Amino acid sequence: MTTLTTQVAIIGGGPSGLLLSQLLNKSGVETVILERSTRDHVLSRIRAGILEWGTVELLRAAGVDARMDREGIPHDGCYLTDDELMVHIDFKELTGKQVMVYGQTEVTADLYNAQDAMGTTVLHGVSDVSIHDLDQSKSRVEFTHEGERKVLECLYVAGCDGFHGVSRKTIPEETRREFERVYPFGWLGILSETPPVNDELIYSNSKHGFALASMRNENLVRYYVQVPLSDKVEDWSDQRFWDEFSRRIPSEAANRLITGPSIEKSIAPLRSFVSEPLRWGNLFLVGDSAHIVPPTGAKGLNLAASDVFYLHSALTEAVTGKGTGGIDDYSSKALARIWKAMRFSWQMTTMLHRFDGEDAFAEQMRKATLDHLAHSETARRDLAENYIGLPF
Ligand code: APR
Ligand code: PHB
C-alpha cells in the first residue's frame, strides 16, 4: 500500500476539518485532510450563516478574515416575536458584542483557499476509511483513493467527518454515551435573491408555527418555516412558501416583504445529539461527528469552531512535546461548552415552535416566556450572552 505520513490525520474536509488544519499548519503542525466528496460538493451545501464573535476571532487567527470583513454583516441584535409581541434582543447594548452574518459556505470556501495557499494535502474522493492503532505511539488511517488502497501514518487522528462519518463509530459502543432529542418537525428553508424584510433576524413563534427571517447579504435572503416531518419539498411551491411565511412574521414586516423565485429550497430535520467522550486514544471527535444542534440557536458551526479552539492548541502542545495536558482535558473542556449550547438550542426550539398535540398550557408557557423577555432586561441579557457565544 502507498504510505503517507503526517503528524495529524484529519478525516473530513468540512468547516471543522479545514479550520483545525489551518490553525495547526499556522502553528507549524503538519496535517493531511481526507475528504469523501469532491470540493464542489462540499461547497454546494447550504448551511447557516451566523458567526459568534469567538468564531470570528478564531477565523481571524486562522488568517481567513479578509472576505468575511468585506462581505460579512455585523449585527447588533435580533427580534423574537409572536402574534402580538416583537421583542428586540440588543446584543451590543446587553453584552457589548455582536454576531457576524456570513454564510458557512463562504467560510468553507475561504478555508479551502487558505489551505491551498498553505500547500496542505487535501485528498478528495476517498472511500472505505478505517482507523487503526489508536492505542499505539503511531496510528494509521487506511483508505481508498484514486482506485488504490493507501495508508496514512500519523501521531493523532481528528474525526471531523460529521454525523454520518466513520470516526465516532470507531469508538467502541460500550465506551460511548449518546444523548438525543428528535423534534417532531423540520425547517423548510429557501434562498432568494431579494432584499431582506428586516435589518436584523426575526425569530417568529406564530400561531401558524415558527418562521425565521435571516439573510446572506442585502440582496440574498434565507427564510425558514416550520413544517411537519412528513412534508416534501415538492409539496411547497414558492407561492405557498411566501403565503405561509408572510402570515407567520409580524404584519408590519409582512407589509414590506419582497418576494421572488427561490434559488434553493430544502427541508432539514431538527435534532439535538451528543456523543461522549470526544477522545479515544489518539482519536479526537470535532464538530458534527460528536454533536448536532437544532438550528434555532445558530450554534452548529460555532460549536464546531469551539471544539477546534480547544483541540488545535492541545494538539500543537502535544506534537511539539510541550505536554499532553491539553489533549487529556480536551473532551471534558469541549463538552462543558457543548452542553450549554445544547441547552440554549433546545430552549430556543421549545420556546419558538408549536408541537403537535400540545395543550393550551404549553402555548401559554411560550407566550409568558416571550412576555418575560419583553419586560426583563436580565432575561434578555441571558439570551444575548448565549446567542453571541459563551466564553471559550
Ligand atoms: N471519510 C472522509 N470524509 C468524510 C467521511 C468519511 N468516512 N464521512 C463524512 N465525510 C466528510 C463529509 O463529506 C463532509 O464534508 O466529512 C465532512 C463533515 O463536514 P460537516 O458535516 O459539515 O461537519 P463539520 O465540519 O463538523 O461542520 C459542522 O456543519 O452541518 C453543519 O450545522 C453544522 O454548522 C455545522 C457544521
Ligand atoms: C441562517 O442564516 O441560515 C440561520 C440563521 C440563524 C439560525 C439558523 C439559520 O438560527
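This is a short dialogue on reading features in a predicted model.

Trainee: How is a pair of aromatic rings described?

Mentor: A ring pair is described by two things: the distance of the centres and the angle of the planes. Now take this structure.

Trainee: How many aromatic pairs does a search of the whole structure find?

Mentor: The search finds 20 aromatic pairs. Start with Trp 187 and Phe 210. Their ring centres are 5.0 Å apart and their planes meet at 15°, so this pair is stacked. Planes under 30 degrees apart count as stacked.

Trainee: Where do Trp 187 and Phe 210 lie?

Mentor: Trp 187 is in strand β14, residues 177–192, and Phe 210 is in strand β16, residues 209–217. The pair therefore ties together parts that are 23 residues apart in sequence.

Trainee: Are Trp 187 and Phe 210 buried or exposed?

Mentor: Trp 187 and Phe 210 are both buried. Compare the geometry of another pair, Phe 241 and Trp 242. Here the centres are 5.6 Å apart and the angle between the planes is 80°, an edge-to-face pair. Phe 241 and Trp 242 are both buried too.

Trainee: Which residues do ring pairs link into a cluster?

Mentor: The cluster holds Phe 91, Trp 187, Tyr 203, Phe 210, Tyr 224, Phe 344 and Tyr 387. You have already met Trp 187 and Phe 210 as a stacked pair.

Trainee: Which residue lies over the face of Trp 236?

Mentor: That is Arg 240, at 3.7 Å from the ring centre. Look also at Phe 163. Arg 271 lies over the face of this ring, at 4.1 Å from its centre.

Trainee: Now helices. How are two packed helices described?

Mentor: Again by two things: the angle between the axes and the distance between them. Try helix α1, residues 15–26, with helix α3, residues 53–61. Their axes come within 10 Å and cross at roughly 45°. That crossing makes α1 oblique to α3.

Trainee: Which residues make the contact?

Mentor: From α1 come Leu 19, Leu 23 and Lys 26. From α3 come Leu 58, Leu 59 and Ala 61. Sorted by class, the contact has five nonpolar residues, no polar ones and one charged residue.

Trainee: What are the buried residues of helix α8?

Mentor: Helix α8 spans residues 238–248, and its buried residues are Phe 241, Trp 242, Glu 244, Phe 245 and Arg 248. Phe 241 and Trp 242 are the edge-to-face pair from before.

Trainee: What covers the buried residues of α8?

Mentor: The cover includes strands β14, β15, β16 and β17. Recall that β14 holds Trp 187 and β16 holds Phe 210.

Trainee: Let me try single residues. Where is Gly 17, and what does Gly 17 contact?

Mentor: Gly 17 sits in helix α1. Its relative accessibility is 0%, so Gly 17 counts as buried. Leave aside neighbours within four places in sequence, and Gly 17 is in contact with Ile 10, Gly 12, Ile 33 and Cys 160.

Trainee: Is Leu 43 buried, exposed or partly exposed?

Mentor: Leu 43 has a relative accessible area of 26%, so Leu 43 is partly exposed. Leu 43 belongs to helix α2, residues 39–43. Not counting residues up to four places away in sequence, Leu 43 touches Thr 105, Thr 108, Ala 109 and Tyr 112.

Trainee: And Glu 317, where is that residue found?

Mentor: Glu 317 is in helix α10. Glu 317 also counts as partly exposed, at 26% relative accessibility. Beyond its neighbours within four places in sequence, Glu 317 has contacts that include Lys 322, Gly 323 and Ile 327.

Trainee: Last topic, the backbone. What is the general pattern for phi and for peptide bonds?

Mentor: Most residues other than glycine have a negative phi, and most peptide bonds are trans. Now look for departures. The peptide bond from Glu 276 to Pro 277 is cis, with omega near -5°. Pro 277 lies in the loop between β18 and β19.

Trainee: Which value does phi of Asp 128 take?

Mentor: Phi of Asp 128 is near 50°, which is positive in a residue other than glycine. Asp 128 is in strand β10, residues 127–132. With a relative accessible area of 56%, Asp 128 is exposed.

Trainee: And Ala 298, what is its phi?

Mentor: About 55°, a positive value although Ala 298 is not a glycine. Ala 298 lies in the loop between β21 and α10. Its relative accessible area is 12%, so Ala 298 is buried.

Conventions: Residues are numbered from 1 along each chain as its sequence is written. Chains are lettered from A and ligands numbered from 1 in the order in which they are written. This is a predicted model: local features need pLDDT of at least 70, side-chain atom pairs count only at pLDDT 80 or more; totals for chains, interfaces and linings use all residues. Side-chain values use heavy atoms; hydrogens and water are left out. Rings of Phe, Tyr and Trp (its six-membered ring) pair if their centres lie within 6.5 Å; planes under 30 degrees apart count as stacked, over 60 as edge-to-face and the rest as tilted. Helices (H or I, at least four residues) and strands (E, at least two) are DSSP runs, numbered from the N terminus. Buried means under 20% relative accessible area, exposed over 50%, partly exposed in between (1.4 Å probe, protein chains only). A charge sits over a ring if NZ of Lys or CZ of Arg is within 6 Å of the ring centre and within 35 degrees of the ring normal. Axes are lines fitted to C-alpha atoms, for helices over the stretch in contact, and angles run from 0 to 180 degrees between N-to-C directions. Angles under 35 degrees count as roughly parallel, over 145 as roughly antiparallel, 65 to 115 as roughly perpendicular and the rest as oblique. Contact means heavy atoms within 4.5 Å. Ala, Val, Leu, Ile, Met, Phe, Trp, Tyr, Cys and Pro count as nonpolar, Asp, Glu, Lys and Arg as charged, and the others, Gly among them, as polar.
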